[in-house]
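I wanted to get to know a protein model by looking things up one at a time. Here are my notes, in the order I made them.

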Amino acid sequence: MKSYRVTRDRAGRWHVAFAAIPDPVPAPATGEVVGVDRGVAVSAALSTGEMLNAPGLRDTEKARLRRLLRKLARATRGSNRRAKVKAAIARVKARESDRCKDWVEKVSTGLARRFDVIAVEDLKIGAMARSARGTVEAPGRNVRAKAGLNRSILAAGWGGLVRRLEDKAPGRVVRVSPAYTSQRCSACGIVDREARESQARYRCRSCGYAGNADVNAARNIAHAAGHAVSAREGPRVAGPVHREPQRDLLLVG
């Protein structure tokens with residue numbers, strides 16, 4: 001170790017960080033591709049059908065956080081009482097952040113060990129989580145709802161999961177366009193915005209396929225990654241051929 005950094009977080013905890021680059025996780029060499037759909041209701045849905053959720057605060061901790069926020073609103077600015085309440089809030093939020101980071105580390109290591117290629121949507125998380133407050137001249141709309149969505153996106157660890165995947169599996173993470181991944185049927189390829197009956201349910205009106213909407217999106221992400229990998233590798237002499245379903249053929253008969 002040639003260098004280190006000592007920091008103190010907002011919860012009052014001291015940390016020592018050493019500069020070290022760990023070795024990447026070796027690929028299993030099975031040729032398997034997995035698609036990962038990140039969401040709010042389900043933190044990460046895999047194309048294998050697995051549903052992974054980042055742990056958050058327990059109900060008792062959420063109730064305590066609400067009480068502390070009410071105390072903070074009543075406390076006088078600059079007072080010792082306000083400083084103590086802010087420190088207590090920081091400790092509760094640090095607990096939530098630590099749990100999410102631990103989940104990200106475990107999930108990213110597991111995916112890097114199990115799959116050769118890990119496909120994710122190329123989401124602009126910074127733009128998605130940007131405040132909707134606006135300005136005095138042009139105030140935003142549905143600010144409270146947007147703020148709640150932003151908190152959910154950050155709590156789900158969207159950015160941290162992909163960042164750690166790229167650290168542990170360099171060159172094996174494929175980013176695909178998020179366009180139509182939630183509207184496309186993973187069975188027949190038809191794009192239908194009305195097929196998603198609810199947040200969790202997808203039913204194709206063309207071929208009749210029905211299943212979890214997040215898993216369906218994850219499978220579309222995996223299919224798109226398969227096309228990208230095939231394009232980089234060039235034409236195959238033998239093996240499966242990746243083809244987009246043709247709408248006209250699907251409608252025959």
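**Entry 1: a glycine in a loop.** I started with Gly208, which sits in the loop between strand S8 (201–203) and strand S9 (210–212). Buried or exposed, or in between? Gly208 has a relative accessibility of 44%, so I put it down as partly exposed. The range for that class runs between 20% and 50%. I also looked up a distance: the C-alpha atoms of Gly208 and Ala195 are 9.9 Å apart, and the two residues are separated by 13 positions along the chain. A reminder to myself: this is a predicted model.

**Entry 2: the whole protein.** Next I zoomed out. I found seven helices and nine strands. The protein has 253 residues, and 34% of them count as buried. About 16200 Å² is exposed, with 52% of that area coming from carbon and sulfur atoms. I then checked contacts between residues with a separation of 6 or more, and 59% of these join residues 24 or more positions apart.

**Entry 3: odd phi angles.** Before this one I noted that most residues other than glycine have a negative phi. Ala29 has a positive phi, near 60°. I found Ala29 in the loop between strand S2 (14–18) and strand S3 (33–38). Its relative accessible area is 66%, so Ala29 is exposed. Tyr180 has a positive phi too, near 65°. Tyr180 is also a loop residue, placed between strand S7 (173–176) and S8.

**Entry 4: H1 against H2.** On to the helices. I kept in mind that two packed helices are described by the angle between their axes and the distance between the axes. For helix H1 (residues 59–74) and helix H2 (residues 80–114), the axes come within 9 Å and cross at roughly 150°. How are H1 and H2 oriented to each other? Angles over 145 degrees count as roughly antiparallel, and H1 and H2 are therefore roughly antiparallel. Their crossing is left-handed. I went through the residues that meet: from H1 they include Leu65, Leu68, Leu69 and Leu72, and from H2 they include Val85, Ala88, Ile89 and Val92. Charged residues turn up as well, among them Glu61 and Arg64 in H1 and Arg81 and Lys86 in H2. By class I wrote down eight nonpolar, ten charged and no polar residues for this contact.

**Entry 5: H2 against H5.** H2 has another partner to look at, helix H5 (residues 158–168), and their axes come within 9 Å, crossing at roughly 45°. That angle makes H2 oblique to H5. The crossing here is right-handed. On the H2 side I listed Val104, Glu105, Val107, Ser108, Thr109, Leu111 and Ala112, and these meet Gly160, Leu161, Arg164, Leu165 and Lys168 in H5. The class tally for this contact is six nonpolar, three polar and three charged residues.

**Entry 6: an arginine beside H2.** My last stop was Arg10, in the loop between strand S1 (4–8) and S2. Which residues does Arg10 touch, leaving out those up to four places away in sequence? I got Ala90 and Lys93. Arg10 and Ala90 are 80 residues apart along the chain, and their C-alpha atoms are separated by 6.0 Å. Even with those contacts, Arg10 counts as exposed, because its relative accessible area is 62% and the cut-off is over 50%.

Terms used: Residues numbered from 1 in each chain as written. Predicted model: local features only at pLDDT ≥ 70, side-chain atom pairs only at ≥ 80, totals over all residues. Heavy atoms only, no water. Axes fitted to C-alpha atoms, helices over the stretch in contact; angles between N-to-C directions. Helix = DSSP H or I, 4+ residues; strand = E, 2+ residues; numbered from the N terminus. Parallel < 35°, antiparallel > 145°, perpendicular 65-115°, else oblique. Left-handed = near helix turned anticlockwise from the far one by under 90°. Contact = heavy atoms within 4.5 Å. Nonpolar A, V, L, I, M, F, W, Y, C, P; charged D, E, K, R; others polar. Buried < 20%, exposed > 50% of the residue type's maximum accessible area, 1.4 Å probe, protein only. Areas by Shrake-Rupley, 256 points an atom, 1.4 Å probe, with all protein chains shown as cover.
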